[in-house]
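I opened a fresh page for this chain. The plan is to go from cut-offs to single residues, and then to the whole fold.

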Amino acid sequence: MVSPLYLPHPVIEQLNDTQVRTWNKYFAGTGHERPRSVEEGVWRRTQDPANAEQSGWSHDSTGRRRIVHYRYDYDLDYTFPVPRLVLAELYLYVSYTAPADEIRAYIKQFQGWIAEGRWKESAAGGWHRGDLAVVAAEYDAHPQDERADRPTPDGFRSLDVRFASECYLTPPRPMRQLPWDVLAGGIRVKEQRGNPAYAEDLTGILDFLPFQVEVGCGTSIEAGVPPLHHLHEVYRVTDRRDNALTQSHAFTLSPEADTLVQEMLLAPLTKAEHFTRMFAACFLAEPTPAHRALKALRDAGLMVGPAITHNFDTLSARAGLPEVFVRRYDQKIPPVPLLDEAKALLVIGLHADRREVQARARERGMRIFYVDPEGLMENGTFKEYPIEGAREGDIVVRAEAVPALTGLCSRLGITL
């Protein structure tokens with residue numbers, strides 16, 4: 001029996017008074033630049049010579065594409081005597097471009113899953129079950145490709161599948177357009193790493209005070225939030241399963257290899273649990289000694305400005321630091337308050353494509369310091385993950401945030 005998904009769907013069944021205050025102050029408040037009660041993500045994977053290892057690109061195999069866009073609204077529900085955190089609205093969009101025979105075969109599978117999952121045909125088009133509707137559309141040439149004057153490879157077709165709760169049955173145009181705007185930005189090209197210097201600790205930053213800070217996922221992982229590859233598995237972005245230890249994971253580009261839509265049609269309740277796990281972990285996490293150390297350094301006047309953060313867990317704010325959130329899809333390089341008095345930028349646990357703030361800081365003559373172990377433990381094995389953005393003149397401290405920042409405070413005689 002396929003259990004349907006009804007909304008609001010409980011994420012955390014019972015909140016205490018402290019958690020309710022945390023929600024109201026840091027997630028539900030209207031004073032944020034972005035509502036933290038909304039979780040949104042976009043992945044677009046295409047075949048290109050630059051990503052041939054992961055996409056399988058070759059002169060004889062090119063043109064495949066997969067796009068995933070999700071948006072979830074969370075809220076507090078007071079239906080029961082004790083408030084609970086719930087998933088209030090859901091939107092999930094998956095788009096494939098692949099050889100026509102693969103699209104046709106996948107549509108037959110899709111129709112079988114519709115029947116097996118007991119989805120009912122809707123008078124408005126598509127199907128519905130529980131509080132979700134699903135619609136599918138097949139194209140010889142995708143309307144977004146026609147709009148962008150992107151040619152469809154010979155013999156290819158596109159298929160869109162969209163799941164939505166009532167609020168998003170007719171998504172607003174900016175929301176529909178978002179993944180295609182991201183696609184138009186092109187693939188992320190991996191930069192050539194420079195030759196930074198290495199240091200045992202952050203003593204060197206004492207010559208470049210005051211500093212500003214940019215916070216990546218490292219501090220969140222130390223607080224118990226799953227790393228990003230957890231979402232890669234949930235949304236089948238790659239063929240990675242169960243923390244498989246390989247340096248490069250193949251993109252999921254063939255519809256046949258993608259189980260995401262099948263899981264939604266046959267086990268929507270279970271899949272909702274997977275979708276909401278990251279948000280629940282962020283909400284339940286607590287600031288670590290690293291966050292408290294940054295607060296103490298700011299109180300001492302050694303750190304200035306807000307915590308420039310890519311994390312939506314609000315941990316820096318909950319530690320008492322002002323935040324500016326820069327992980328945004330609508331602006332490639334969001335406004336960043338780099339202050340005239342700042343002589344250095346301390347980058348904590350940040351990798352890969354989040355490099356724009358560091359580039360701006362270098363242009364201003366700021367010295368860049370990194371705190372990062374340059375890898376992570378998986379299944380008891382340390383997997384190297386070098387910082388991509390490090391350049392000549394930068395300083396890298398290979399350590400986790402907690403020992404590096406508490407050690408700096410100890411050296412300065414700052415009590416936490």
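**Entry 1: cut-offs.** I call a residue exposed when its relative accessible area is over 50%, buried when that value is under 20%, and partly exposed in between. I also note that this is a predicted model.

**Entry 2: positive phi.** I looked for backbone angles out of the ordinary. Most residues other than glycine have a negative phi. Asp149 is not a glycine, yet I find a positive phi of about 60° there. I place Asp149 in the loop between α4 (143-148) and β8 (156-164). Is Asp149 buried or exposed? Its relative accessible area is 67%, and the exposed cut-off is over 50%, so I log Asp149 as exposed.

Thr314 goes on the list too, with a positive phi of about 60° and no glycine to account for it. I find Thr314 in the loop between β11 (303-309) and α11 (315-318). Its relative accessible area is 2%, so Thr314 is buried.

**Entry 3: cis peptides.** Next I checked omega. Most peptide bonds are trans. The bond joining Leu7 and Pro8 is cis, with omega about 0°. Pro8 sits in the segment before β1 (9-12). I also find a cis bond from Leu209 to Pro210, omega near 0°. Pro210 belongs to the loop between β9 (197-199) and β10 (211-215).

**Entry 4: the loop between α7 and α8.** Where does Thr238 lie? I find Thr238 in the loop between α7 (229-234) and α8 (260-266). With a relative accessible area of 5%, Thr238 is buried. I listed its contacts, leaving out residues up to four places away in sequence: His232, His249, Ala250, Phe251 and Thr252.

Phe251 is in the loop between α7 and α8 as well. Its relative accessibility is 15%, so I count Phe251 as buried. Outside the neighbours within four places in sequence, Phe251 is in contact with Arg45, Thr46, Asn51, Gln54, Ser55, Val237 and Thr238. I then took one C-alpha distance. Phe251 and Ser55 are 196 residues apart along the chain, and their C-alpha atoms are separated by 5.3 Å.

**Entry 5: cysteines.** How many disulfides does the structure hold? I count zero. Cys282 is in no disulfide, and the nearest cysteine sulfur, that of Cys217, is 11 Å away. A disulfide would need the two sulfur atoms within 2.5 Å. Cys282 is buried, at 3% relative accessibility. Cys167 is partly exposed, because its relative accessible area is 43%.

**Entry 6: the whole chain.** I tallied 13 helices and 17 strands. Of the 416 residues, 51% count as buried. For a compact globule with 416 residues I would expect a radius of gyration near 22 Å; the chain has 23 Å, which agrees. The C-alpha atoms fill a box of roughly 70 × 60 × 40 Å along the principal axes.

I looked at contact range next. Among contacts between residues at least 6 apart in sequence, 74% join residues at least 24 apart. For the surface, I get about 19,300 Å² accessible, with 49% belonging to carbon and sulfur atoms. Last, the charges: I have 48 positive and 57 negative, and their mean positions are 2 Å apart.

How values were computed
Residues are numbered from 1 along each chain as its sequence is written. This is a predicted model: local features need pLDDT of at least 70, side-chain atom pairs count only at pLDDT 80 or more; totals for chains, interfaces and linings use all residues. Side-chain values use heavy atoms; hydrogens and water are left out. Helices (H or I, at least four residues) and strands (E, at least two) are DSSP runs, numbered from the N terminus. Buried means under 20% relative accessible area, exposed over 50%, partly exposed in between (1.4 Å probe, protein chains only). Contact means heavy atoms within 4.5 Å. The radius of gyration is taken over C-alpha atoms; the globule rule is 2.2 Å times the number of residues to the power 0.38. Accessible areas come from the Shrake-Rupley method with a 1.4 Å probe; for residues, only the protein chains shown count as cover. Lys and Arg count as positive and Asp and Glu as negative; His and the chain ends are not counted. The place of a charge is taken as NZ of Lys, CZ of Arg, CG of Asp or CD of Glu.
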